[in-house]
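Me: I should like to learn how to read the features of a protein model one at a time. Please give the general idea first and then the case at hand.

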Amino acid sequence: MAKTNKFHVKKYDDENSKITVVEECKYHSPFIWFLINNGKLIFVIALLLSLSVFLIATSLMISNLKGSEIAYYETNGVVVEFGGSDESILNGLPITDDYANRIFDNQLSSYEMIEGAVIKIKEVKINNGVIVFYSDKTALVKYDDGTYMRVFPVGNDYGISEKGLIDRNAKTRKVTGEYRNNDDLGITLLYLSDGTVEVTKDDVTFFLRNSDLTSNAEEFYTNLSIISVPIKEEDGKTYYSNGVVKDGDSIIVDGKKYNVSKRVTIHDGIEIVYYENGYAEVIKDELSIMVEKSEHIVYDDNILEIVDNKKDNDNFDLKDVIDIKDINLSNENDTPVNYLVVLEETDDYAKHNVNRRLANQFIHFNVFVNNSTINNNILDDSHNLKGTNKLSGIDSKNNVYMLYEGRLEEREQVSLKLGMWIDYETITNDYMNSAFIGTVKVYVESLS
């Protein structure tokens, strides 16, 4: 650019009474000249500020990770997730085993609906299998390769569409299945590896959330609500697998006839017929089941389930009496793996401001897995794996107490619930103001 020979005053210095004149090719505002003359200083300040923000953000992130309420990790292709912290501090109120079992069972009642039964609403064929939709908005996918997957609800709707598309917010569980049929009564029983059972007799299919049933050559029924299925029709009468006979609008139980007391029609075309003796029949298209304890039939605008809905109303803070851990394990491998759930004791009680260790033999625990509960275990020295070949390859010098040993089949998911408490009946006053502190860990065998 050519020079213009235009000048202006850049600086006037009173002290020296000097005027500095510079030539410029283009006029700049005072702010632009400030940036030009102080560019290096501004860059250094900006860099330091950026580094400070980065360090603060990193510090906050690490702090949040340490204080996370969810413990999650993966080892050998098995994903392990805790519903809360994996740390266990046992220093609460001692309770009896009976009371602990009742609290633990109450927690199980809201643990993915482990009890009761639901009926089949519909079955849809997809490219690689079929989907069975149940009346509690759960679904069971039966793949052509012999594997299964349970899909849990999202809000008040199914977590999977009729085209087989799974909602990204839906919880799923891969399970294996085994048929143990009642051939005498012609009932198909599909036992799944999470402890649930699908029951099918001709056009009747219902899903039992546990395996609490009676099945033999003469009779079949669920033990909680006494649900039975029709096994034959003869002379215009329908005979159910628990000895109930339906004759028109009446039922015959132990030789006595009872009439209909009321009929209710709810969503999905489901009809409930109540009888004078407290029994009820649930009808959906060709499906018909007889429920002896009709008070267990619970429904709203979206779901129907058959479950004991009585609740205990103990008023206490759960963590003060029992330490509950929810653990989900998912085997992402194509081969089965064995695993151990252990409680590894801390070697630094002083770090937790605990002056006296609670002896481990006063700690009792329950384990719920695959819809079965192992009650009233004692954390005695026989559970300590320290120095045994069970911990081969694990570098730990602390006491490590085994809580449960299991096996995950290929691509299988398992939910495990653990409850630990201090036993009231055996502890003495010598252990006042004491505590047992440890971390619940899951060890998976090496596949290499």
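Me: Is Glu332 buried, partly exposed or exposed?

Reply: The general idea is a comparison of relative accessible area with two cut-offs: buried means under 20%, exposed means over 50%, and partly exposed lies in between. Glu332 has 33% relative accessibility, so this residue counts as partly exposed. Please keep in mind that the model is predicted. Glu332 sits in the loop that links β28 (323–331) and β29 (337–345).

Me: Which residues does Glu332 touch, if those up to four places away in sequence are not counted?

Reply: They are Gly77, Val79 and Arg411. The pair Glu332 and Arg411 is separated by 79 residues in sequence, yet the C-alpha to C-alpha distance is 5.1 Å. Glu332 also has a partner closer along the chain: its side chain and that of Ser330 make a polar contact of 2.8 Å.

Me: What should one look for in the backbone of Arg411?

Reply: The sign of phi is a useful starting point. Most residues other than glycine have a negative phi. Arg411 is not a glycine, but its phi is positive, at about 60°. Arg411 belongs to the loop between β32 (400–408) and β33 (413–422). With 34% relative accessibility, Arg411 counts as partly exposed.

Me: What is the phi of Lys137, and where is this residue found?

Reply: Lys137 has a phi near 70°, again a positive value in a residue other than glycine. Lys137 is in the loop between β7 (129–134) and β8 (139–143). Its relative accessibility is 11%, so Lys137 counts as buried.

Me: How does one read the environment of a strand such as β14?

Reply: One considers the direction of each side chain and then its accessibility. In a regular strand the side chains alternate between the two faces of the sheet. In β14, Val204, Phe206 and Leu208 point one way, Thr205 and Phe207 point the other way, and all are buried. Five of the five residues of β14 (residues 204–208) are buried, so this strand is largely enclosed by the rest of the structure.

Me: Which strands pair with β14, and in what sense?

Reply: Strands of a sheet pair through backbone hydrogen bonds, either parallel or antiparallel. Strand β6 (residues 117–126) pairs with β14 in the antiparallel sense over three bridges. Within β14, Leu208 stands opposite Ala117. Strand β13 (residues 197–201) also runs antiparallel to β14, and five bridges join the two. Glu198 has Phe207 of β14 as its bridge partner. The hairpin of β13 and β14 has two residues between the strands, and Asp202 takes a positive phi near 55° in this hairpin.

Me: How is a whole sheet described, and which strands lie at its edges?

Reply: One gives the strand order and the sense of pairing. Nine strands form an open sheet in the order β17-β25-β24-β23-β22-β21-β20-β19-β18, with antiparallel pairing. The edge strands are β17 (227–228) and β18 (230–234), each of which pairs on one side only. Inside this description, β24 (residues 280–284) and β25 pair in the antiparallel sense over five bridges. Val282 has Ile289 in β25 as its bridge partner.

Me: Where does Ser294 lie, and what does its side chain reach?

Reply: Ser294 lies in the loop between β25 (287–291) and β26 (297–299). Its side chain reaches the backbone oxygen of Gly278 at 2.6 Å. Beyond its neighbours within four places in sequence, Ser294 is in contact with Tyr274, Gly278, Tyr279 and Ala280. Its relative accessible area is 13%, so Ser294 is buried.

Me: Which residues make a nonpolar surface patch?

Reply: Phe43, Val44, Leu47, Leu48 and Leu51 make a nonpolar patch of about 500 Å². One of them, Leu47, is found in helix α2 (residues 39–66). With 44% relative accessibility, Leu47 counts as partly exposed.

Me: Which overall values describe the protein?

Reply: The secondary structure comprises three helices and 34 strands. Of the 448 residues, 42% are buried. Among contacts with a separation of 6 or more, 56% join residues 24 or more positions apart. The protein exposes about 24900 Å², and carbon and sulfur atoms supply 48% of this area.

Technical notes:
Residues are numbered from 1 along each chain as its sequence is written. This is a predicted model: local features need pLDDT of at least 70, side-chain atom pairs count only at pLDDT 80 or more; totals for chains, interfaces and linings use all residues. Side-chain values use heavy atoms; hydrogens and water are left out. Buried means under 20% relative accessible area, exposed over 50%, partly exposed in between (1.4 Å probe, protein chains only). Helices (H or I, at least four residues) and strands (E, at least two) are DSSP runs, numbered from the N terminus. Two strands pair if DSSP finds at least two bridges between them. Contact means heavy atoms within 4.5 Å. A polar contact is a pair of N or O atoms within 3.5 Å; within protein, one must be able to donate a hydrogen and the other to accept it, and residues adjacent in sequence count only if both atoms are side-chain atoms. Patches are made of residues with over 30% relative accessible area and no salt bridge: like charges are joined within 9 Å, nonpolar side chains (Val, Leu, Ile, Met, Phe, Trp, Tyr) within 5 Å. Accessible areas come from the Shrake-Rupley method with a 1.4 Å probe; for residues, only the protein chains shown count as cover. A salt bridge is a side-chain nitrogen of Lys or Arg within 4 Å of a carboxyl oxygen of Asp or Glu.
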